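Here's a quick tour of a model, with stops at a few spots that reward a closer look. Have the viewer open as you read.

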Amino acid sequence: MIAQLTKSERQLALVILLAITICGLAMGIAGRDDPLGVHGAIVILAGLAGIFGVIYAYYEPEPSEARLALYYDDPSKVGIILAMGWVLIGLFIGDWVAWQLVFPNLTFDAGWSSFGRIRPAHTSAVIFGFGGNALIATSFYVLQRTSRARLPDQLSPWFVLLGYNLFCIIAATGYLMGVTQSKEYAEPEWYADIWLVVVWVAYFIIYLRTLVRRKEPHIYVSNWYYMAFILVVAILHIVNNLAVPVSWGHAKSYSAFSGVQDAMTQWWYGHNAVAFFLTSGFLGMMYYYMPIRAGRPIFSYRLSIISFWGITFMYMWAGSHHLHYTALPQWVQTLGMTFSIMLLVPSWASAGNALLTLNGAWHKVRDDATLRFMMVAAVFYGLSTFEGSFMAIRSVNSLSHYTDWTVGHVHAGALGWVAMITFGSIYASVPWLWKRERMYSDRLVEWHFWLALSGTLVYVFAMWNSGIIQGLMWRTYTESGTLAYSFVDSVAAMRPYYIARAIGGLMFLSGAVIGCVNIWMTIRAAHQPADERLADRPVPRPAGVPAFQPGE
Amino acid sequence: MENDLTVWLSKSFGLFYLIAMSIGIVAYAYWPSNKKQFDDAAQSILGNEDRPWR
Amino acid sequence: MNIFRLHYRLERKTIGFLLAIVGVASIGGAVEIAPLFTIHQTVEDAPDMRVYTPLEIAGRNIYLREGCYACHSQMIRTLRDEVERYGPYSLAVESKYDHPMLWGSKRTGPDLARMGNKYSDEWHVAHMTDPRAVVPASVMPPYAYLGRATARIDDLGLHLKALRTVGVPYTDEMIANATADAYGQAAPDTPFAEGVTKRYGEATNVRSFDGKVGDPTELDALIAYLQILGKLTDAAHRPVAAAGE
């Protein structure tokens, strides 16, 4: 890693790491009797580890000019490994949380392990840890291939990747200590938020600098989606996290917004985190990896453009459907509902575009679990966007809101769409990145696929049942016109579904464990002969696809 | 600014904006002279490129 | 690469494209959110609305810290069954001092918007310590450790100050006495208790919430907060609390 940096990059790395260490020191001193101090210590450790790493390899020979003739893939490799690490953590905590609703005393009488603290640890580990690392890793890969240009330098990709993971670690450890803004999916406190902005700006600059040097006249559509992801997440993140810290020595801050404005800002953020973190970026992934794996160009490139702008435009209005029948003014609710329903059009255009791309390659879908991961992801994408539009209808929402149906819906999207497309893309790119002919074991990919699919189905069906039962029980009246069930009745009725859900989650987790083993074995496999490594990826050019003409 | 006015602006402006946007995008996507560019782009990722162009 | 050409290309395509994304994306949020900041003209008035006491703020922060919002909403919707189950539907004004709001998104447990005075302090102590001792079918986590931990109140002045910065009308006097008031609210027989009612109103709950004398525990603070939920103003009880659309 260090050996690939030029001398001046090594020096710059030292300066940055020193600055990070000093920030950590300041946090540690200012927050010595606050959780902020613990985070200061973590930052110092991270900074020092980096400094030692750089000094250790400081006098290694500089990389040769020849590197410039190759893509820079090491950050992508590490990013994929980190993503797989986070998915294990996130899924494990998730399943633990699920079991807590079956056996509530699984907290062992401690604070850090109680439901309310580990639940955000679960969501952040899977969304930001797994999803974020996968997005960064694949975006670097795709960006270089589609621009036919190498990343601008060797240092900034590492800054983004490792800096981002520092953010994830601060976030996750913070929740366990009770450091949270309590804004869903935006829980990290002010200092972590500021750090993320710094990392994000660097990420954006990498994108810009590579795109500017691209050798293709046209920016491939995947990059549109990745860029919308980077840009809009930045806007959302900054606005929603505006807050005033109690002092420089406190982890705690108070949100700049309150009440109804805060609710609207929060769900504008929350829903668009779904749109631009969990949808846009992963669509970018899909539009690159799926055509290549299937060996066919995207069914309709034009449709992908139309759906891009549709998604970018309409999602932004949809957030208020999280606030139906609340104290939010009704016209905002109606607007949110209308746009949520219209969103079905670009969403299904994307899903349909993906599935039609597979037309003529269905035999591959049958034989190749990696491609099947992507296919199922597109199907789940279609299903959960339909469900989402449906649930945004006011009268449906009056039943579904606050219940497990929402949880089921989110997991249809998160497990069925996000995780599946990611696993598919990772299985596709691991052999390409590490120059292997194929994954260590195709059978293990099959196992992972079936465990993931059945786990998702068990999960989603359990939550549909529990959510609808819950919603109905809350609004059932006796003949004499009183409420038929107490709240606790509805809690008791959930038990079988909570057990089923936890089992579904366990299946999904086992699949991911298998995936990690498989990836690890692939990486460890002996190097292949050089002539086999020459080709960037071992996909034969499909018949009828003309060779690319330079200078177009 | 008056609340009624901002609300009114939001409600009306949103609609016009949406329609103008949609027309613009569809026109761009189906503009005949753009066709070749898009077709090339769709094919471009399938090319067997293993290193950046210099 | 020639610097001018670089600039040329940067400007024409990439930057234009990025601006398009930002423009297209930000409008939706702006149109929906901006009018909400002029909303005070139409939102209910609540002249009787009081701010949270320092101890209640401490309790609220424990509520945040423990992630109670992951299971409990504080937003009663305008639906008949909700109004009958929980009480008058929530008004926007009721959370106007809530930085951040805790409307919530999931009811694994019941809504807490009108929790104030619903149960006795003793009930809460027993329930928080071991929910299943009170409600056998409950899936709520046990929070016995809150009763063992002393609440941190020495820095509450800073908290009130930060809250004032974001718009909650705390007076200088409230900020200066924050720690003493937090102590006094849970210690009715001490000289500190008087200042609490003086500054925050006669209706403020001044008592030992966890039933123990001495420094307020985290449980004291949390219960003080739970007992004020829905009680900051009567506004919600004033209009005909009719349900439905």
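## A greasy patch on chain B

This is a predicted model, so take what follows in that spirit. Start on chain B, where B:Leu5, B:Trp8, B:Leu9 and B:Phe13 make a nonpolar surface patch of about 410 Å². B:Phe13 sits in helix H1 of chain B, which runs over residues 3-30. With a relative accessibility of 39%, B:Phe13 falls in the partly exposed class.

Buried or exposed: what about B:Met21? That residue is also placed in helix H1 of chain B, but its relative accessible area is 14%, so B:Met21 is buried. Who does B:Met21 touch, once neighbours within four places in sequence are left aside? The partners come from two other chains: A:Trp309 and A:Phe313 on chain A, plus C:Val24 on chain C.

## Helix H13 of chain A

Over in chain A, helix H13 covers residues 369-391. Its 23 residues should span 33 Å at 1.5 Å a residue, and the end C-alpha atoms are 32 Å apart, so the two values agree. The helix is mostly covered, with 19 of the 23 residues buried.

What caps the N-terminal end of H13(A)? A:Asp368 does the job, placing a side-chain oxygen 3.0 Å from the backbone nitrogen of A:Thr370. Just before that in the numbering, A:Asp367 and A:Arg366 pair up in a salt bridge, 3.2 Å from N to O. A:Asp367 has 52% relative accessibility and so counts as exposed; A:Arg366, at 59%, is exposed too.

## Chain C at a glance

Chain C has eleven helices and zero strands, so to speak an α-only pattern when read along the sequence. Of the 245 residues in chain C, 59% are buried. Take the contacts in chain C between residues at least 6 apart in sequence: 70% of them join residues at least 24 apart. Chain C exposes about 10,000 Å², with carbon and sulfur atoms supplying 58% of that area.

## Salt bridges

Over all chains, the structure holds 30 salt bridges. One of them joins C:Glu82 to C:Arg77, with the closest N and O atoms 2.9 Å apart. Both C:Glu82 and C:Arg77 are buried.

Another pairs C:Asp181 with C:Arg199 at 2.7 Å between the closest N and O atoms. C:Asp181 lies in helix H9 (residues 178-185) and C:Arg199 in helix H10 (residues 192-200) of chain C, so this bridge ties together parts that are 18 residues apart in sequence. These two residues are buried as well. There's also a network of salt bridges, which links A:Asp34 with C:Arg152, C:Asp154 and C:Asp155.

## Around H14 of chain A

Back to chain A and helix H14, residues 394-400, which is where A:Arg394 is found. A:Arg394 is buried, with a relative accessible area of 10%. How far apart are A:Arg394 and A:His324 in sequence and in space? They are separated by 70 residues in sequence, while their C-alpha atoms are 6.2 Å apart.

A:His401 follows in the loop between H14 and helix H15 (404-433) of chain A. At 5% relative accessibility, A:His401 counts as buried. A polar atom of its side chain lies 3.4 Å from the backbone oxygen of A:His322. Beyond neighbours within four places in sequence, A:His401 is in contact with A:His322, A:Thr406 and A:Trp474, and with C:Arg77 and C:Ser105 across in chain C. C:Arg77 has come up already, as the salt-bridge partner of C:Glu82.

## Backbone oddities

Most residues other than glycine have a negative phi, and most peptide bonds are trans. Where do we find exceptions? A:Tyr402 has a positive phi, near 75°, and is not a glycine. This residue is in the loop between H14 and H15 of chain A, and at 1% relative accessibility A:Tyr402 counts as buried.

A:Lys435 also has a positive phi, about 55°, and lies in the loop between H15 and helix H16 (442-474) of chain A. A:Lys435 is partly exposed, with a relative accessible area of 26%. For a cis peptide bond, go to the step from C:His99 to C:Pro100, where omega is near -5°. C:Pro100 belongs to the loop between helix H3 (80-86) and helix H4 (121-129) of chain C.

Methods: Residues are numbered from 1 along each chain as its sequence is written. Chains are lettered from A and ligands numbered from 1 in the order in which they are written. This is a predicted model: local features need pLDDT of at least 70, side-chain atom pairs count only at pLDDT 80 or more; totals for chains, interfaces and linings use all residues. Side-chain values use heavy atoms; hydrogens and water are left out. Patches are made of residues with over 30% relative accessible area and no salt bridge: like charges are joined within 9 Å, nonpolar side chains (Val, Leu, Ile, Met, Phe, Trp, Tyr) within 5 Å. Accessible areas come from the Shrake-Rupley method with a 1.4 Å probe; for residues, only the protein chains shown count as cover. A salt bridge is a side-chain nitrogen of Lys or Arg within 4 Å of a carboxyl oxygen of Asp or Glu. Helices (H or I, at least four residues) and strands (E, at least two) are DSSP runs, numbered from the N terminus. Buried means under 20% relative accessible area, exposed over 50%, partly exposed in between (1.4 Å probe, protein chains only). Contact means heavy atoms within 4.5 Å. The expected span of a helix is 1.5 Å times one less than its number of residues. A polar contact is a pair of N or O atoms within 3.5 Å; within protein, one must be able to donate a hydrogen and the other to accept it, and residues adjacent in sequence count only if both atoms are side-chain atoms.
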